[in-house]
Amino acid sequence: MNTTNPVESVALDLLEQGDKTFNSREYSDAQALYVKCVDAAKVDNDNETLVQALAQVARCHLIQDKKEDGRVWLQQAEELADSNLSSGWSRFLGVRGRFEWKDDNLEIATATFIEMYDYCMEQSLHDRAVDAAHMVAITAKADQQILWAQKGIAAAEAGDLDKWLGPLWNNLGWTYDDLGQYEESLEALLKAR
């Protein structure tokens, strides 16, 4: 349970800084911020922020090709993750699914991302729902990829999440290309551009 005032939370500030740094693709610097966030969240007794920070440290390791180092952090996040704490649970699912994807467990990863999508839609976490749909469009079989890319595009448009439209249209375009549907591919890739 979070016992601190979120406005004054050092942990939440560090999480936000970590996210901005991660989104700038400065993964090593983001990792350092997330580690500091882990320590601050423990002091604040803020389990939801702690789970998010642990998951993101794991994701930073994964993206830097240090998967085994990341598993230690992901395991800690899993031990504390609680579906009653939506931000922590959704972030944990997203990172767990990425580990499953990188382990080539595509069926399991797809199931995790579908679970994440359904959960996030239920919790009105639209940005994370779009992320989940985007990942299903990558990990699922080709016939499902088109459906999930379209779901992600619809959710991004409904939530005014323009930053997602390029990657979603791009993935859809290449899926169409793989299926030999070249007109649809060209149309989607032009929209991605």
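In the predicted model, the chain is built from ten helices and zero strands. Read from the N terminus, the elements accordingly follow the order α-α-α-α-α-α-α-α-α-α.

The overall dimensions were examined next. For 193 residues, a compact globule would be expected to show a radius of gyration near 16 Å, and the value of 17 Å found for the chain agrees with this. The C-alpha trace extends over about 55 × 35 × 30 Å along its principal axes. Of the 193 residues, 47% are buried. Among contacts with a sequence separation of 6 or more, 54% are made by residues 24 or more positions apart. The exposed surface of the chain amounts to about 10,100 Å², of which carbon and sulfur atoms contribute 49%. The chain carries 18 positive and 34 negative charges, and the mean positions of these two sets lie 4 Å apart.

Several individual positions illustrate the arrangement of the helices. Aspartate 19 belongs to helix H1, which covers residues 10–23. The side chain of aspartate 19 forms a polar contact of 2.8 Å with the side chain of arginine 91. Beyond residues up to four places away in sequence, aspartate 19 touches Tyr34, Gln56 and Arg91; Arg91 is thus both a polar partner and a member of this contact set.

Histidine 61 is located in helix H3, residues 47–63. Its relative accessible area of 8% is under the 20% limit, and histidine 61 is therefore classed as buried. When residues up to four places away in sequence are set aside, histidine 61 is in contact with Gln31, Lys66, Lys67, Asp69, Gly70 and Trp73. Leucine 50, eleven residues from histidine 61 in sequence, is 17 Å away from it, C-alpha to C-alpha.

Aspartate 118 and alanine 129 are likewise eleven residues apart in sequence, with a C-alpha to C-alpha distance of 7.5 Å. Aspartate 118 is part of helix H6, spanning residues 106–122. With a relative accessibility of 42%, aspartate 118 is partly exposed, because this category lies between the limits of 20% and 50%.

Alanine 158 is found in helix H8, which comprises residues 142–158. The relative accessible area of alanine 158 is 69%, so this residue is exposed. A distance of 30 Å separates the C-alpha atom of alanine 158 from that of lysine 102, a residue 56 positions away along the chain.

Backbone geometry was considered at two loop positions. Most residues other than glycine have a negative phi. Asparagine 45, although not a glycine, has a positive phi of about 60°. This asparagine 45 is placed in the loop that connects helix H2 (27–44) to H3, and its relative accessibility of 47% makes it partly exposed. A positive phi, near 60°, is also present at aspartate 65, again a residue other than glycine. Aspartate 65 lies in the loop between H3 and helix H4 (67–80). With a relative accessible area of 73%, aspartate 65 is classed as exposed. Helix H3 is therefore preceded by a loop containing asparagine 45 and followed by a loop containing aspartate 65.

Methods. Residues numbered from 1 in each chain as written. Predicted model: local features only at pLDDT ≥ 70, side-chain atom pairs only at ≥ 80, totals over all residues. Heavy atoms only, no water. Helix = DSSP H or I, 4+ residues; strand = E, 2+ residues; numbered from the N terminus. Rg over C-alpha atoms; globule rule 2.2 N^0.38 Å. Buried < 20%, exposed > 50% of the residue type's maximum accessible area, 1.4 Å probe, protein only. Contact = heavy atoms within 4.5 Å. Areas by Shrake-Rupley, 256 points an atom, 1.4 Å probe, with all protein chains shown as cover. Lys, Arg positive; Asp, Glu negative; His and termini not counted. Charge placed at Lys NZ, Arg CZ, Asp CG, Glu CD. Polar contact = N/O pair within 3.5 Å; in protein donor to acceptor, adjacent residues only side chain to side chain.
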